[in-house]
Amino acid sequence: MTFEISLSGKTAVITGSNSGIGLGMAWELARAGADVVLNSFSDNEDDHALAKQIADDTGTNARYIQADMSKGDQCRALIEKAGSCDILINNAGIQHVAALPEFPIEKWDAIIAINLSSAFHTTAMALPMMRDAGWGRVINISSAHGLTASPYKAAYVAAKHGIVGLTKTTALETAQEPITANAICPGYVLTPIVEKQIPDTMKEYDMSREEVIQNVMLTRQPSKEFATTEQLGGTAVFLCSPAADQITGTTISVDGGWTAL
Ligand code: NAD
């Protein structure tokens with residue numbers, strides 16, 4: 001039996017997808033034939049231009065829908081506005097680096113809301129649509145920090161571990177249906193979220209930028225290479241293929257060996 005991957009006729013909603021990993025996933029899913037819904041909290045010309053570029057290049061229907069994933073009602077409205085959601089990629093995420101006693105309360109709340117609670121809201125809305133359609137994929141973007149911890153990242157580590165738990169529950173509630181739920185756990189990928197934490201980490205560890213990249217970030221990644229957004233997009237496409245029909249409730253690490261250490 002050969003496994004072909006054509007996502008033609010499927011709609012993928014990817015939260016937080018006007019940059020980085022989410023955008024990479026949108027491209028790869030569209031290249032595999034899926035219609036895609038891009039999202040972020042902003043609503044400017046560049047956001048809609050990204051969707052148009054994907055549509056023009058791949059011949060799929062690509063749209064941009066603004067919704068702030070820190071707000072439960074907007075998470076739910078995103079799925080409603082998408083109209084259908086065969087593939088849900090919960091990817092929106094932010095980071096803040098600080099020691100626990102100084103960790104700002106508003107940053108804790110925002111990280112838990114965007115990186116974890118948003119997935120609860122979108123999944124709750126998307127599952128009935130997947131059931132109506134008779135097929136579905138929930139792909140949660142966790143992290144190597146969903147399986148291991150680092151100092152100064154209390155909220156992020158808590159949220160990323162939390163989304164692994166949500167993934168397992170989603171998988172059990174859909175286990176006897178043609179719906180799967182899995183978490184992808186990337187190691188370091190050089191996207192804006194990583195760029196933004198370099199200055200704070202330089203301060204915390206009193207290191208140069210190069211030292212942070214080599215001695216803090218990639219020191220955990222035995223391959224000594226960043227993973228790429230294309231590789232993560234390809235992993236999502238694989239999870240949407242028939243070869244992955246029995247893969248559910250698990251984590252897939254794309255981390256250059258980080259979690260083998
Ligand atoms: P990124 O900063 O490029 O992307 C984050 C996306 O989330 C952006 O599109 C941003 O607009 C969106 N976003 C942020 N707040 C939002 C909100 N309130 N509402 C809607 N959208 C919002 O970073 P990235 O590296 O592409 O991160 C994507 C996901 O991958 C995150 O969940 C992140 O935790 C995870 N991740 C990243 C890495 C890495 O090394 N880059 C590693 C492991 C996991």
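## Two pockets: worked exercises

Fifteen is the count given for the lining of the second largest pocket, 15 residues in total, and those nearest its centre are Ser150, Lys153, Tyr188, Tyr205 and Val216. A pocket here is an open set of points on a 1 Å grid over the protein atoms alone, where a 1.4 Å probe fits and protein lies on both sides within 12 Å along at least five of seven lines, and lining residues have an atom within 4 Å of a point.

This is a predicted model, in which local features need pLDDT of at least 70 and side-chain atom pairs count only at pLDDT 80 or more, while totals for chains, interfaces and linings use all residues. Residues are numbered from 1 along each chain as its sequence is written, and side-chain values use heavy atoms, with hydrogens and water left out.

**Exercise 1.** Find which element gives the largest share of the lining of the second largest pocket.

*Solution.* Begin with the elements that give two or more residues to this lining, namely helix 6 and helix 7 (209-217), where helices are DSSP runs (H or I, at least four residues) numbered from the N terminus. The largest share, three residues, then proves to come from helix 6.

**Exercise 2.** Determine where the largest pocket lies relative to domain 1 and domain 2.

*Solution.* Domain 1 (11-188 + 227-256) and domain 2 (190-226) both give residues to the lining, so the largest pocket lies between them; the domain bounds come from an automatic or database assignment. Helix 6 gives the most to this lining, with six residues.

**Exercise 3.** Decide whether isoleucine 21 is buried or exposed.

*Solution.* Isoleucine 21 lies in helix 1 (residues 20-31). Its relative accessible area is 15%, so isoleucine 21 is buried (buried means under 20%, exposed over 50%, partly exposed in between, with a 1.4 Å probe and protein chains only).
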